[in-house]
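Please open the model in a viewer and keep the selection tool at hand. The tour proceeds by selections, each followed by a description of what is found there.

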Protein chains: 2
Amino acid sequence: MYVRLYIMSRKIMDTRTRILESAWKLLEAGQGQGVRMSDIAKAAGVSRQAVYLHFPNRAELLIATTRYLDEVNKTDERLAQSRGARTGEERLAAYIEAWGNYLPEIYGIAKALLAMKDTDKEAEIAWNNRMQAVRHGCEAAVKALKKDDMLAPGLSVTVATDILWTIMSVRSWEHFTMECGWSKKKYIERLKSMAHRMLVKS
Amino acid sequence: MYVRLYIMSRKIMDTRTRILESAWKLLEAGQGQGVRMSDIAKAAGVSRQAVYLHFPNRAELLIATTRYLDEVNKTDERLAQSRGARTGEERLAAYIEAWGNYLPEIYGIAKALLAMKDTDKEAEIAWNNRMQAVRHGCEAAVKALKKDDMLAPGLSVTVATDILWTIMSVRSWEHFTMECGWSKKKYIERLKSMAHRMLVKS
DNA sequence: CGTCAACTTTACATGATGTAAAGAAAAGGA
DNA sequence: TCCTTTTCTTTACATCATGTAAAGTTGACG
């Protein structure tokens with residue numbers, strides 16, 4: 001019985017994973033645009049209906065894909081590294097650096113979720129959850145600054161977090177890189193500088 | 001013949017305007033979400049098909065609505081007032097002020113166009129045109145700063161414009177007001193302060 | 001050999017956009 | 001008054017993606 005269950009779940013995982021992997025790659029390639037359920041199915045080598053055996057709808061497939069990406073990318077670890085910094089300023093810089101390197105990898109799926117957010121309740125909730133996590137990261141960096149007494153005067157922790165959170169948002173990244181043409185390197189460098197000028201006592 | 005043409009175009013304008021007005025109000029009320037062609041038609045008191053007699057498709061109706069809004073709101077005038085400022089810093093502040101008061105009025109239609117942008121070429125082009133106009137406004141403000149020799153060292157006009165343009169973008173406004181809960185007044189006040197800290201020599 | 005789960009295949013419902021075409025109604029011109 | 005043209009209505013239909021439903025196939029396991 002145990003053996004059978006094991007093999008069963010291995011098999012389920014296999015197809016399921018293939019679907020998730022296909023979704024990921026297609027979303028990455030298409031920058032989150034124009035990826036249909038049938039495309040994902042075809043790429044995974046299964047019928048369109050088989051996808052619905054594993055995921056109830058498109059929104060949940062996208063959400064599951066983000067979770068899968070988090071696992072594979074070890075997102076938490078990468079973003080948590082900044083916690084090791086000594087000073088608040090170092091921590092802020094490390095967080096921006098990690099985020100700047102991470103964001104391009106998840107942009108495809110992020111954009112697809114963002115588009116669903118407007119029409120799908122589930123997608124909105126899932127997206128908000130992820131963004132709240134980012135906000136917490138921003139808040140931690142701001143609090144580290146404050147602890148060093150390096151937070152710019154006239155800024156509350158909340159407002160400073162709001163600002164950092166917004167300039168680090170996916171939409172702002174999209175604007176800086178796609179509309180303004182900033183490279184990943186420039187993005188990281190300039191965001192650090194912007195955050196420093198805005199948030200750190202001079 | 002002239003008279004007839006005149007009366008004709010007056011009549012066309014009437015229904016046409018009613019459609020544009022309805023589109024505007026619905027988009028404003030629905031914050032750009034879930035507004036269908038049939039909703040607009042119903043609100044304008046015409047059949048859905050009649051809308052297609054005046055606008056070839058949804059994208060063009062949305063675009064025409066923005067143009068209509070610009071006319072009614074006298075957008076250019078309002079945004080151009082900042083040109084009267086004496087110093088670069090005043091000009092920057094005036095531009096942000098005008099923008100901060102203007103954006104909430106066009107957010108509904110802006111969001112609808114933004115959503116179409118991902119799938120519709122026409123919508124993308126129309127949107128990009130409008131945003132390039134905003135960019136020019138930002139660039140003018142930055143150049144005014146530079147003329148006063150008040151542009152922060154290490155910042156080129158281009159990069160400074162990129163930054164201002166991004167923090168003033170519709171997406172950033174959306175984030176500050178909807179996600180962070182900033183009021184219009186706070187938004188204007190804080191954006192001025194952010195722009196000042198980032199762009200102006202200290 | 002039979003069972004069960006995973007998967008395929010086919011068919012269909014939905015909901016929005018957009019096309020097509022025939023007919024009604026109103027308004028102007030002669 | 002009558003004719004013509006424009007505007008709008010009505011009805012019908014094509015399309016496209018999502019999602020539901022159900023019957024049939026396949027392969028592993030006991």
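The stops below treat the two chains, the domains of one chain and the two DNA strands in turn.

**Stop 1: the two protein chains**

The coordinates belong to a predicted model. Begin by selecting chain A and chain B and displaying the residues at their contact. Chain A contributes 26 residues to this contact, and chain B contributes 26 residues as well. Between them, the two chains bury about 2,400 Å², and carbon and sulfur atoms carry 57% of that area.

Next, turn to the polar pairs. Across the interface of chain A and chain B, 12 residue pairs are in polar contact, with both residues at pLDDT 80 or more. The count of salt bridges between chain A and chain B is four. One of them can be displayed by selecting K111(A) and D118(B): their side chains meet in a salt bridge with an N to O distance of 3.3 Å.

Now colour chain A by secondary structure. On the side that touches chain B, two or more residues come from each of α6 (88–117), α7 (121–147), α8 (157–167), α9 (170–179) and α10 (184–199) of chain A. Of this side, α8(A) provides the largest share, with six residues. A colouring by residue class would show 11 nonpolar, six polar and nine charged residues on the side of chain A that touches chain B.

**Stop 2: the two domains of chain A**

Hide chain B and select residues 2–55 of chain A, which the domain assignment gives as domain 1, and then residues 72–199, which it gives as domain 2. The C-alpha centres of these two domains of chain A are 30 Å apart.

Where do domain 1 of chain A and domain 2 of chain A touch, and how many residues are in contact? Six residues of domain 1 of chain A are in contact with eight residues of domain 2 of chain A. Together these domains bury about 580 Å², of which 61% lies on carbon and sulfur atoms. Select W24(A), L27(A) and Q31(A): these residues supply 67% of the area that domain 1 of chain A buries against domain 2 of chain A, more than any other three residues.

A search for polar pairs at this boundary returns none under the criteria applied. Zero salt bridges are counted between domain 1 of chain A and domain 2 of chain A, and zero residue pairs are found in polar contact with both residues at pLDDT 80 or more. By class, the residues of domain 1 of chain A that touch domain 2 of chain A are two nonpolar, three polar and one charged.

**Stop 3: DNA strand C**

Restore both chains and select DNA strand C with the protein residues within 4 Å of this strand. There are 17 residues around DNA strand C, and those that come nearest are T15(A), S47(A), H54(A), Q49(B) and R58(B). Among the atoms of DNA strand C within 4 Å of the protein, sugar and phosphate account for 55%.

Three phosphate contacts merit a distance label. An N or O atom in the side chain of T15(A) lies 2.2 Å from a phosphate oxygen of DNA strand C. For H54(A), a polar side-chain atom is 2.7 Å from a phosphate oxygen of this strand. In M37(B), a polar backbone atom is 3.4 Å from a phosphate oxygen of DNA strand C.

The elements giving two or more residues to the surface near DNA strand C are α1 (2–29) and α3 (48–54) of chain A and α3 (48–54) of chain B. The largest share, four residues, belongs to α3(A). This surface has seven nonpolar, seven polar and three charged residues.

**Stop 4: DNA strand D**

Finally, select DNA strand D. This strand is surrounded by 20 residues, the closest being R36(A), R58(A), T15(B), S47(B) and H54(B). Sugar and phosphate make up 59% of the atoms of DNA strand D that come within 4 Å of the protein.

Which part of DNA strand D does the side chain of Q49(A) approach? An N or O atom of this side chain lies 2.9 Å from a base oxygen of DNA strand D. T15(B), by contrast, has a side-chain N or O atom 2.2 Å from a phosphate oxygen of the strand, and for S47(B) the corresponding distance to a phosphate oxygen is 2.7 Å.

To close, highlight α3(B), which gives the largest share of the surface near DNA strand D, four residues. By class, this surface has eight nonpolar, seven polar and five charged residues.

Notes: Residues are numbered from 1 along each chain as its sequence is written. Chains are lettered from A and ligands numbered from 1 in the order in which they are written. This is a predicted model: local features need pLDDT of at least 70, side-chain atom pairs count only at pLDDT 80 or more; totals for chains, interfaces and linings use all residues. Side-chain values use heavy atoms; hydrogens and water are left out. A polar contact is a pair of N or O atoms within 3.5 Å; within protein, one must be able to donate a hydrogen and the other to accept it, and residues adjacent in sequence count only if both atoms are side-chain atoms. Ala, Val, Leu, Ile, Met, Phe, Trp, Tyr, Cys and Pro count as nonpolar, Asp, Glu, Lys and Arg as charged, and the others, Gly among them, as polar. Domain bounds come from an automatic or database domain assignment. Contact means heavy atoms within 4.5 Å. Buried area is the accessible area (1.4 Å probe) that two parts lose on being put together, summed over both.
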